[in-house]
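This report describes one protein chain, going from its overall form to a few of its residues. Keep the structure in view while reading.

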Amino acid sequence: MTLSFSMFISPAPYHLLSYACLIGMSIWHSFISSLVARKTLPRPQLGQLQSRLFPIYFFLQTFLSGLCLLTTKNPYGQIIFLMGVAGGLVNWIVFGPWTVKLMNKRFELEREEGKKYNEDGVSNQMKELNKQFGIAHGSSVIINMIIAVSLVIYPFLVSPVIV
């Protein structure tokens, strides 16, 4: 094999590298590191960690999905990566910041009330914050799961059948 400049302008290696990074990051963050952190860290520290990691994660999810979108001609891939760009962008710009804002308000109200968010007898304000947090966080999780599952399905849709 001879090295040539044309190797570097082919979209294939960029597609493979960006897809590998995207699926690896998605699986690791969604199913391993977040769960370990949740089981290991106290809730305030977990919130601080996630509030720092999620903007980076959602940016990379958006960017890498965009790179994959630009480097595939497969119609299934185009749909999957367009969902990744749209979902990552919505989580990065809307649901991520909204969730962090609500989380911080709950921590503040917990200190003021002297009760955790899930204890009996919390204020109506805390109940409303809990409801909003559930919507924001739940929406973000659903979008992220759709993206992660579609990334796992992607190679099965685009690979040739070998029998």
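## Overall form

The chain has five helices and zero strands. The model is predicted. Read from the N terminus, the order of elements is α-α-α-α-α. The radius of gyration is 20 Å, well over the 15 Å given by the globule rule for 163 residues, so the chain is more spread out than a compact globule. Measured out along its principal axes, the C-alpha trace covers about 70 × 30 × 25 Å.

## Surface, contacts and charges

Buried residues make up 34% of the 163 in the chain. The accessible surface is about 10,300 Å², and carbon and sulfur atoms account for 71% of this area.

Among contacts with a separation of 6 or more, 71% join residues that are 24 or more positions apart. The chain carries 13 positive and 7 negative charges, and the mean positions of these two groups lie 11 Å apart.

## The salt bridge

Side chains of opposite charge can pair when their charged atoms come close. How many salt bridges does the structure hold? There is one salt bridge. Its partners are Glu 110 and Arg 43, with 2.3 Å between the closest N and O atoms. Glu 110 belongs to helix H4 and Arg 43 to helix H3 (residues 43–70), so the pair ties together parts that are 67 residues apart in sequence.

The two partners can also be described by their accessibility. Glu 110 has a relative accessible area of 11% and is buried. Arg 43 has a relative accessibility of 27% and counts as partly exposed.

## A buried arginine without a salt bridge

Arg 106 lies in helix H4, which covers residues 75–113. This residue is buried but has no salt bridge. Which side chain of opposite charge is nearest to Arg 106, and how far away is it? The answer is Glu 110, at 5.9 Å. A salt bridge requires a nitrogen and a carboxyl oxygen within 4 Å, and Glu 110 has such a bridge with Arg 43.

Apart from neighbours within four places in sequence, Arg 106 is in contact with Arg 43, Tyr 117, Met 126, Leu 129, Asn 130 and Phe 133. Arg 43 is thus a contact of Arg 106 as well as the salt-bridge partner of Glu 110.

## Residues in helices H3 and H5

Ser 65 is part of helix H3. Is Ser 65 buried or exposed? Its relative accessibility is 0%, and Ser 65 counts as buried. Leaving out residues up to four places away in sequence, Ser 65 touches Leu 22, Leu 60, Phe 81, Gly 84 and Val 85. The C-alpha atom of Ser 65 is 9.7 Å from that of Ile 23, although the two residues are 42 residues apart along the chain.

Helix H5 covers residues 124–158 and includes Lys 127. Lys 127 is partly exposed, at 47% relative accessibility. The C-alpha atoms of Lys 127 and Arg 106 are separated by 9.7 Å, with the two residues 21 residues apart along the chain. Gln 132 is found in helix H5 too, and is partly exposed with a relative accessible area of 25%. Not counting residues up to four places away in sequence, Gln 132 touches Trp 98 and Leu 102. Between the C-alpha atoms of Gln 132 and Ser 18, which are 114 residues apart along the chain, there are 34 Å.

Key. Residues numbered from 1 in each chain as written. Predicted model: local features only at pLDDT ≥ 70, side-chain atom pairs only at ≥ 80, totals over all residues. Heavy atoms only, no water. Helix = DSSP H or I, 4+ residues; strand = E, 2+ residues; numbered from the N terminus. Rg over C-alpha atoms; globule rule 2.2 N^0.38 Å. Buried < 20%, exposed > 50% of the residue type's maximum accessible area, 1.4 Å probe, protein only. Contact = heavy atoms within 4.5 Å. Areas by Shrake-Rupley, 256 points an atom, 1.4 Å probe, with all protein chains shown as cover. Lys, Arg positive; Asp, Glu negative; His and termini not counted. Charge placed at Lys NZ, Arg CZ, Asp CG, Glu CD.
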